[in-house]
Amino acid sequence: MIRHVVLVGMPGSGKSTVGPLVAARLGLEFVDADAAVEARHGPIAALFAQGEAVFRDAERAVVAELLDGPPLVLALGGGAFSDPRTRACVRRAAVSVHL
């Protein structure tokens, strides 16, 4: 059974470089969590303007939705993984690799 692969790291750690390579190697789609949040909720800056909790709630919902779907490689920022509910979702559904 192929599981999701979640690449976790701070900005500049290589998620956007390594992610597409890993996805191609595994024959999976690559998704950047920030891009997925923006596609569903608008600019991240606008979400943060409403408070970090608003952004983290939106991020958590998007990550849960993605990890409930077909296997993929997901780039996820370190801030997202520090949220206990997001981290639990990742641990339940994926293999996480920390860059």
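Two strands count as paired here if DSSP finds at least two bridges between them. Keep that in mind as you click through this predicted model.

Start with the sheet. Select β2, β3, β1 and β4: these four strands form an open sheet in the order β2-β3-β1-β4, with parallel pairing. Now colour β2 (29-32) and β4 (94-98), the edge strands, each of which pairs on one side only. Look along the sheet for its twist: on average, neighbouring strands are turned by 20° against each other, direction ignored.

Next, zoom in on β1 (residues 4-9) and β3 (residues 72-77), which run parallel and are joined by five bridges. Pick V8 and follow the bridge across to β3, where its partner is L76.

Time for the helices. Select α2 (residues 33-41), and you'll find α2 lying across β2 and β3, at about 70° to β2. Then switch to α6 (residues 84-93). This helix lies across β1, β3 and β4, and runs at about 115° to β4.

Leave α6 on screen and add α4 (residues 52-67): the two helices pack at an angle of about 10°, with axes 10 Å apart. Angles under 35 degrees count as roughly parallel, so α4 is roughly parallel to α6. To see what fills the contact, show side chains for D57, R60, V63, A64 and L67 on α4, then R85, T86, C89, V90 and A93 on α6. Colour this α4–α6 contact by residue class and you get six nonpolar, one polar and three charged residues.

Terms used:
Residues are numbered from 1 along each chain as its sequence is written. This is a predicted model: local features need pLDDT of at least 70, side-chain atom pairs count only at pLDDT 80 or more; totals for chains, interfaces and linings use all residues. Side-chain values use heavy atoms; hydrogens and water are left out. Axes are lines fitted to C-alpha atoms, for helices over the stretch in contact, and angles run from 0 to 180 degrees between N-to-C directions. Angles under 35 degrees count as roughly parallel, over 145 as roughly antiparallel, 65 to 115 as roughly perpendicular and the rest as oblique. Contact means heavy atoms within 4.5 Å. Ala, Val, Leu, Ile, Met, Phe, Trp, Tyr, Cys and Pro count as nonpolar, Asp, Glu, Lys and Arg as charged, and the others, Gly among them, as polar.
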